[in-house]
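Biologist: I am new to this structure and would like a close look at one part of it. Please take me through the charged side chains that pair up, and then through what surrounds them.

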Amino acid sequence: MSSSEVEQDFAKAFNKALFHEVQHLLNPEEASLISFSDIKKLLKPKNESYEGVKTIPITSIVGSEDRFGDFDNEFFPKSLHLKARWESIDRARLQDIILPPITVYELGGLYFVRDGNHRVSVAKSQGVEYIDAEVVSLKSEIKLKPGKSLKYMIKQVLSYEKRTFYFETNYGDITDDWCLDFSKPGQYDVIYNHILTHKYYINQKQTEEISMTDAIISWYRTVYMPVIDMIERKHIMRIFPRNTKSDLYVWLIKYWDELKQKFGADYSLAVVADDFSKKYGSTIGRRIMNKIKRLMLKAGTGTSSQQTVKP
């Protein structure tokens with residue numbers, strides 16, 4: 001075996017990472033290795049258990065605990081400083097030297113590398129299908145399908161949250177609205193709390209407690225839909241194109257409450273909507289300028305990138 005062989009293997013893997021980066025220049029997160037910390041924040045596991053050494057499929061390894069900046073989402077090496085370690089692992093493979101198992105976290109049915117990122121990288125680059133791993137499992141009700149981006153994982157979590165909310169509340173059948181959608185997780189709990197709060201205030205004015213079904217209908221007609229109608233009349237979605245109407249509902253209600261607490265005044269919904277749009281909205285021109293600045297920064301000619309402020 002010549003040293004040129006492992007050098008060529010690394011060069012191929014490194015070039016693939018570089019090609020992926022160029023392909024996703026405008027959306028670099030789509031080629032980034034998933035951070036285990038980000039998935040923990042999404043799934044919020046409560047318990048963990050030691051599962052011992054198992055043989056796991058390489059395709060189910062989708063992220064890393066602390067080396068997600070060194071490899072792309074295919075585990076190809078992104079930096080030349082990884083070369084020596086990467087080639088030593090590849091050399092051991094070619095010499096049939098048995099290496100110790102990698103160590104991983106299992107969460108949502110997927111694996112995230114604690115130790116052994118270079119071994120995974122070499123294995124993936126050589127088309128290996130399975131690898132031995134010492135597994136610590138974190139318990140979660142949500143099961144994820146393998147994916148190459150955090151955005152894809154978020155979509156799965158949102159889908160799970162929506163199914164759970166609609167099933168537990170019968171929301172779709174009650175309101176005939178199947179379009180309560182969000183762009184980030186955790187918002188269905190916010191909606192549920194809004195409904196419970198609405199139910200509480202209604203019950204203060206009558207002797208018999210209303211049912212959850214009646215509370216949902218009342219909240220939908222007197223709270224939710226007036227806000228959605230205002231969003232449509234004011235064409236607010238034009239300046240928040242990456243979000244949903246339900247996102248805007250949650251933000252507007254929160255902003256409305258903040259104004260009342262801060263200034264002690266009873267603002268109309270129309271005033272709140274206008275003020276919110278001016279403060280947090282991103283016009284088309286501003287979005288174009290932001291994108292240009294980000295491109296200039298990547299090219300080394302810009303100074304900083306301005307991001308849209310979200311509440």
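Modeller: What follows starts with the whole chain, turns to the salt bridges around one helix, and then moves outward.

Keep in mind that this is a predicted model. The chain holds 11 helices and six strands. Of its 311 residues, 40% are buried. The chain exposes about 17900 Å², and carbon and sulfur atoms supply 52% of that area. Take the contacts between residues at least 6 apart in sequence: 70% of them join residues at least 24 apart.

Now the charged pairs. Side chains of opposite charge can pair when their charged atoms come close. A search of the whole structure finds 12 salt bridges. Which residues form a network of them? Asp9, Asp90 and Arg93 are linked in this way.

Start with Asp9 and Arg93. Their side chains meet in a salt bridge, at 3.5 Å from N to O. This pair links distant parts of the chain. Asp9 sits in helix H1, residues 3-23. Arg93 sits in helix H3, residues 83-94. The two are 84 residues apart.

Next come Asp90 and Arg93. Their side chains also meet in a salt bridge, here at 2.8 Å from N to O. Both residues lie in helix H3. They are three residues apart, about one turn of the helix. An α-helix has 3.6 residues a turn, so residues three or four places apart point the same way.

Are the members of this network buried or exposed? The cut-off for buried is under 20% relative accessible area. Asp90 has 0% relative accessibility, so it counts as buried. Asp9 counts as buried too, because its relative accessibility is 12%. Arg93 has a relative accessible area of 30%, so it is partly exposed.

Helix H3 holds another pair. The side chains of Glu87 and Lys83 meet in a salt bridge at 2.8 Å, N to O. Glu87 and Lys83 are four residues apart in helix H3, so about one helical turn separates them. Glu87 is buried, because its relative accessible area is 7%. Lys83 counts as partly exposed, because its relative accessibility is 29%.

Step back along the chain to the loop between E3 and H3. Phe75 is found there. Phe75 has a positive phi of about 65° although it is not a glycine. Its relative accessibility is 0%, so Phe75 counts as buried.

Helix H3 also helps to cover another helix. That is helix H4, residues 117-125. H4 is mostly covered, with seven of its nine residues buried. The buried ones are Asn117, His118, Arg119, Val120, Ser121, Val122 and Ala123. What covers them includes H3 and strands E3 (61-64), E4 (102-107), E5 (110-115) and E6. After H4 comes Gly127, with a positive phi near 75°.

The covering strands lead to the sheet. Strands of a sheet pair through backbone hydrogen bonds, either parallel or antiparallel. Here six strands make an open sheet with mixed pairing. Their order is E1-E3-E5-E4-E6-E2. The edge strands are E1 (34-35) and E2 (48-57), and each pairs on one side only. E2 pairs with E6, residues 130-138, in the antiparallel sense over nine bridges. Within that pairing, Ser49 has Ser137 in E6 as its bridge partner.

Further along the chain is helix H5, residues 150-169, where Gln156 lies. Gln156 counts as buried, because its relative accessibility is 14%. Which residues does Gln156 contact, leaving aside its neighbours within four places in sequence? They are Lys143, Leu144 and Lys145. A polar atom of the Gln156 side chain lies 2.6 Å from the backbone nitrogen of Lys145.

One loop remains, between H5 and helix H6 (171-175), and Asn170 lies in it. Asn170 has a positive phi of about 60° although it is not a glycine. Its relative accessibility is 38%, so Asn170 counts as partly exposed.

Back to your request. The network joins Asp9, Asp90 and Arg93 through salt bridges. Asp9 comes from H1 and Arg93 from H3, while Asp90 shares H3 with Arg93.

Definitions and conventions. Residues are numbered from 1 along each chain as its sequence is written. This is a predicted model: local features need pLDDT of at least 70, side-chain atom pairs count only at pLDDT 80 or more; totals for chains, interfaces and linings use all residues. Side-chain values use heavy atoms; hydrogens and water are left out. Two strands pair if DSSP finds at least two bridges between them. Buried means under 20% relative accessible area, exposed over 50%, partly exposed in between (1.4 Å probe, protein chains only). Contact means heavy atoms within 4.5 Å. Accessible areas come from the Shrake-Rupley method with a 1.4 Å probe; for residues, only the protein chains shown count as cover. A polar contact is a pair of N or O atoms within 3.5 Å; within protein, one must be able to donate a hydrogen and the other to accept it, and residues adjacent in sequence count only if both atoms are side-chain atoms. A salt bridge is a side-chain nitrogen of Lys or Arg within 4 Å of a carboxyl oxygen of Asp or Glu.
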